[in-house]
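Trainee: I would like to go through this model one step at a time. Where should we begin?

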Amino acid sequence: MLLADLGADVIKIEEVARGDDTRSWSPPFANVVSDAPATSSHLPPESAYFLSVNRNKRSCTLNFKHPKGLEVLRRLIASSDVLVENFISGKLASMGLGYEDCQKINPRLIYTSITGYGQTGPYASAAGYDVIIEGEAGLMHITGEPDRPPVKVGVAATDIATGLYAHGAIMAALISRQQTGKGAWIDCNLFESQLAGLANIASNFLISGQEASRFGTAHPSIVPYQAFPCLDGFLMIGAGNDKQFRILTEDILERPSLSSDERFLTNSLRVANRAVLVEIISKALQEHSRDHWIARFTGKGVPFGPINNIAQTFSHPQAVARGSTVEIQHPRAGPIKLVAPAVTYNGKRMPVKRPPPWLSQHTFEVLRELEFSEEEISLMKEEGIV
């Protein structure tokens, strides 16, 4: 999707009958409009999950276990800049579509493998799922409240991080190809992406042997730095240095005695006396509403923000001012809203030129571009190859 946002012609190869698994991950889904294309009438409604990550792509269904389907894929490979695949390690190679096979077809191809654990090692053949690797690669161990069981992140954070790493690697490989004329094999996986995502927590262990634990919304090394309850909601507060702590206690909370209290004079002391300080701040904030405290914090230089629900997030003045959502016309669902691309270039946001495709929407279009005849296309359709 990120490559498509940048203008790449992304052709999504899908299984003929069902397509991408996320097409069936509903409810919620978008209702089908009355004038939807008749050729798509056999399909279920478009799932919100699928719509969230498939803008700007074309959909081509293909059974490449069949020799004719394999021929279609090889023609695509010959004319493509990048191939992205997320089969279990070695699966495509067993079908004659491994990196070495594809390099013979197109030496300039950027072949990108996204797997659970990478192309080598004892887990290379294991399937990878975000929630499993959140647990296995340490993220779930540090997520949740200290006195409660571990929890997963609210979105597929490991999947998303791996996609971002793959996107960056592809862009770098394209630059390298401009200099060398050669393609590359990118080995990107969830496990190592999540290890990299442990950031300072990983460094704490690798440098000092310090094991991590769960702190909820709090920070292991900074106090106060967490979500606090107000009378009717929550605020996230991050007083990361002594100056900010003084402003918080003296100007915002109007409790100047806290900044001179020997237990709280430095961040190290505040960490040591975390429990008592958090209790004092919590009681103070619960005396008034969230909006009262937002007004008190605004402009004071202490990092803060409300814990918004999703409706509040999309009505946030910054989201509205930045045009952070985009409405597009979908051929089956009618007008739908999507999160807009996150990056702007020269002050302009990347456009959404294509709505997420319905299953097989562009199959015949792609086959014609690959110079298959109408007779060949009809035969492939009859035989269930496309």
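Mentor: Begin with a term: a polar contact is a pair of N or O atoms within 3.5 Å, and within protein one must be able to donate a hydrogen and the other to accept it. Keep in mind that this is a predicted model.

Trainee: With which residue does the side chain of N189 make a polar contact?

Mentor: N189 lies in strand β7, which covers residues 184–189. The cut-off for a polar contact is 3.5 Å. At 2.5 Å, a side-chain pair involving N189 falls under that heading, and the partner is E192.

Trainee: Is N189 buried or exposed?

Mentor: Leaving out residues up to four places away in sequence, N189 touches T115, G116, Y117, G118 and T162. Buried means under 20% relative accessible area. The relative accessible area of N189 is 2%, so the residue is buried.

Trainee: How far apart are the C-alpha centres of domain 1 and domain 2?

Mentor: Domain 1 is made of 1–198 + 343–383, and domain 2 of 240–302. Between the C-alpha centres of domain 1 and domain 2 the distance is 47 Å.

Trainee: How many residues apart are D5 and R55?

Mentor: The side chains of D5 and R55 form a salt bridge, 2.7 Å from N to O. This pair links distant parts of the chain, with D5 in helix α1 (residues 2–5) and R55 in the loop between α2 (48–52) and β4 (57–61); the separation is 50 residues.

Trainee: Which of the words buried or exposed fits R55?

Mentor: Its salt-bridge partner D5 has 5% relative accessibility and therefore counts as buried. The relative accessible area of R55 is 6%, so R55 is buried.

Trainee: How many residues apart in sequence are the parts that D9 and R58 tie together?

Mentor: D9 and R58 meet through their side chains in a salt bridge, at 2.7 Å from N to O. Because D9 lies in the loop between α1 and β1 (10–14) while R58 lies in strand β4, the parts tied together are apart in sequence by 49 residues. As for R58, 2% relative accessibility makes this residue buried.Trainee: What distance separates the closest N and O atoms of E374 and R368?

Mentor: In general, side chains of opposite charge can pair when their charged atoms come close. E374 counts as partly exposed at 43% relative accessibility, and R368 is partly exposed with a relative accessible area of 43%. E374 forms a salt bridge with R368, and the closest N and O atoms are apart by 2.7 Å.

Trainee: Which residues are joined into one network by salt bridges that share partners?

Mentor: The structure holds 18 salt bridges. Through shared partners, some of these bridges build one network, and its members are D9, R58, E365 and E369.

Trainee: At roughly what angle do the axes of α10 and α14 cross?

Mentor: Helix α10 covers residues 242–252 and helix α14 residues 290–297. L248, D251 and I252 in α10 meet W293, R296 and F297 in α14. The crossing is right-handed. The two axes come within 11 Å, and the angle is roughly 115 degrees.

Trainee: Which residues of α10 are buried?

Mentor: The cover over the buried residues of α10 includes β9 (234–238), α11 (257–260), α12 (267–272), α13 (274–285) and α14. The buried residues of α10 are Q244, F245, I247, L248, T249 and I252.

Trainee: What is the C-alpha to C-alpha distance between I247 and R354?

Mentor: I247 is in helix α10 and counts as buried at 16% relative accessibility. Apart from neighbours within four places in sequence, I247 is in contact with I252, K300 and V302. From I247 to R354, 107 residues away in sequence, the C-alpha to C-alpha distance is 49 Å.

Trainee: Which residue with a positive phi follows α10?

Mentor: At the start of α10, a side-chain oxygen of N241 comes to within 3.2 Å of the backbone nitrogen of K243. After the helix comes a residue with a phi near 55 degrees, and that residue is E254.

Trainee: What separates the C-alpha atoms of P335 and A30 in space?

Mentor: P335 is in strand β12, residues 334–339. Not counting residues up to four places away in sequence, P335 touches E327, I328 and Q329. P335 and A30 are 305 residues apart along the chain, and their C-alpha atoms are separated by 9.6 Å.

Technical notes:
Residues are numbered from 1 along each chain as its sequence is written. This is a predicted model: local features need pLDDT of at least 70, side-chain atom pairs count only at pLDDT 80 or more; totals for chains, interfaces and linings use all residues. Side-chain values use heavy atoms; hydrogens and water are left out. Domain bounds come from an automatic or database domain assignment. Helices (H or I, at least four residues) and strands (E, at least two) are DSSP runs, numbered from the N terminus. Buried means under 20% relative accessible area, exposed over 50%, partly exposed in between (1.4 Å probe, protein chains only). Contact means heavy atoms within 4.5 Å. A salt bridge is a side-chain nitrogen of Lys or Arg within 4 Å of a carboxyl oxygen of Asp or Glu. Axes are lines fitted to C-alpha atoms, for helices over the stretch in contact, and angles run from 0 to 180 degrees between N-to-C directions. A crossing is left-handed if the near helix is turned anticlockwise from the far one by less than a right angle, and right-handed if clockwise.
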